[in-house]
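User: Hey, can you walk me through this one? I haven't looked at it before.

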Amino acid sequence: MSQQENPFETPSPKGIRLVQATLRVIVAIQCWGYAASHLHHGKSYIFLKLLKSNYNLSDEQVVLFTDYAAYFLIGYGVVTLFRPMWLILMPLTIWQTGMAVSLLVLEPGIQSQLEMAEQSVRFVVPTSLLAIDFWPPRVKPTLAFCLSSIRMLRLATAVTFLGQGLMALYQFQNGGEFVELVTLSAQNLFDKAIEPAQARQVLAVVGVVDIVAAVSLMSSRNRFVAFLLVLWGLTTAASYTFAYGFEGYDSTLIRIASAGAPLAVLTFWMTAYKEQDPIILPEPGFEEDT
């Protein structure tokens, strides 16, 4: 086979530009969500709290760094939307990984571990975009890089929904933020007041559905499951806005990768793969026997 016929050297898989565009939008929205959490709602970044404890930063320095981080994230989002570059995507991966790890370090416990799993798509999305949209210099996304990017997104999506499902089951027994989320969402969307006990029963169902969907995504290339995860990821992200209104829109933006990652996987499956009917193979040596 010549080099031009090598599947790892031939043109990129069909639809990879749509995947790139999807990931660009998702990363940009995440950046703006983190920026909005501080600039609009005055929230601090737990990653900077960890850095403060490790490097003995003063409160004034932390406030200054928080402001700078928020403005940098706005700029990073704009640049990523139009021309991603590794000089931005690598720091974004470190930033979002740091946000997930900081929670585990500063607030150790089962909920922190599950929340870190739930945040998997957030720090995998910029890494996946880096693999298929590397610049500078311009590196053409080969088949190997494209498949690796989709595998990362697929695994991160499964881990996120698995973590979310386990968190829902944990709070079904012990209570927590999800109970309030279900209660307020039902009240604001359907004007229906539900008791915390009923909200916990909802969480039990949600937890089982999340775990089944995560396992299904990894066990087969099922486009319908991926489509359902896109809708469910969008619903769970939007639930923070449903529940808290303007006070929760930043959380919705930060969690948009829960829908964006499975959407990128689904886009690739629908455009790059050609499904074929199964072929029944004859028994070896059948012709000689006859």
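Analyst: Here's a quick tour, from the whole chain down to one helix. This is a predicted model, where local features need pLDDT of at least 70 and side-chain atom pairs count only at pLDDT 80 or more, while totals for chains, interfaces and linings use all residues. Residues are numbered from 1 along each chain as its sequence is written, and side-chain values use heavy atoms, with hydrogens and water left out.

User: Cool. How many helices and strands are there in the chain?

Analyst: It has 13 helices and 0 strands. Those are DSSP runs numbered from the N terminus (helices: H or I, at least four residues; strands: E, at least two).

User: And how much of the chain is buried?

Analyst: 45% of its 290 residues. Buried means under 20% relative accessible area, with a 1.4 Å probe and protein chains only.

User: What box do the C-alpha atoms fill?

Analyst: Roughly 80 × 50 × 35 Å along the principal axes.

User: Switching topic: which residues are buried in α5?

Analyst: Helix α5 spans residues 110-118, and Ser 112, Leu 114 and Glu 118 are buried there. They sit on the same side of α5, because they cover an arc of only 165 degrees around the axis; that arc is taken from the directions from the helix axis to the C-beta atoms.

User: What covers them?

Analyst: The cover includes α4 (86-106), α6 (120-132), α7 (143-174) and α8 (177-190).

User: Last one: how many positive and negative side chains?

Analyst: There are 18 positive and 22 negative, counting Lys and Arg as positive and Asp and Glu as negative, without His or the chain ends.

Terms used. Buried < 20%, exposed > 50% of the residue type's maximum accessible area, 1.4 Å probe, protein only. Charge placed at Lys NZ, Arg CZ, Asp CG, Glu CD. Contact = heavy atoms within 4.5 Å.
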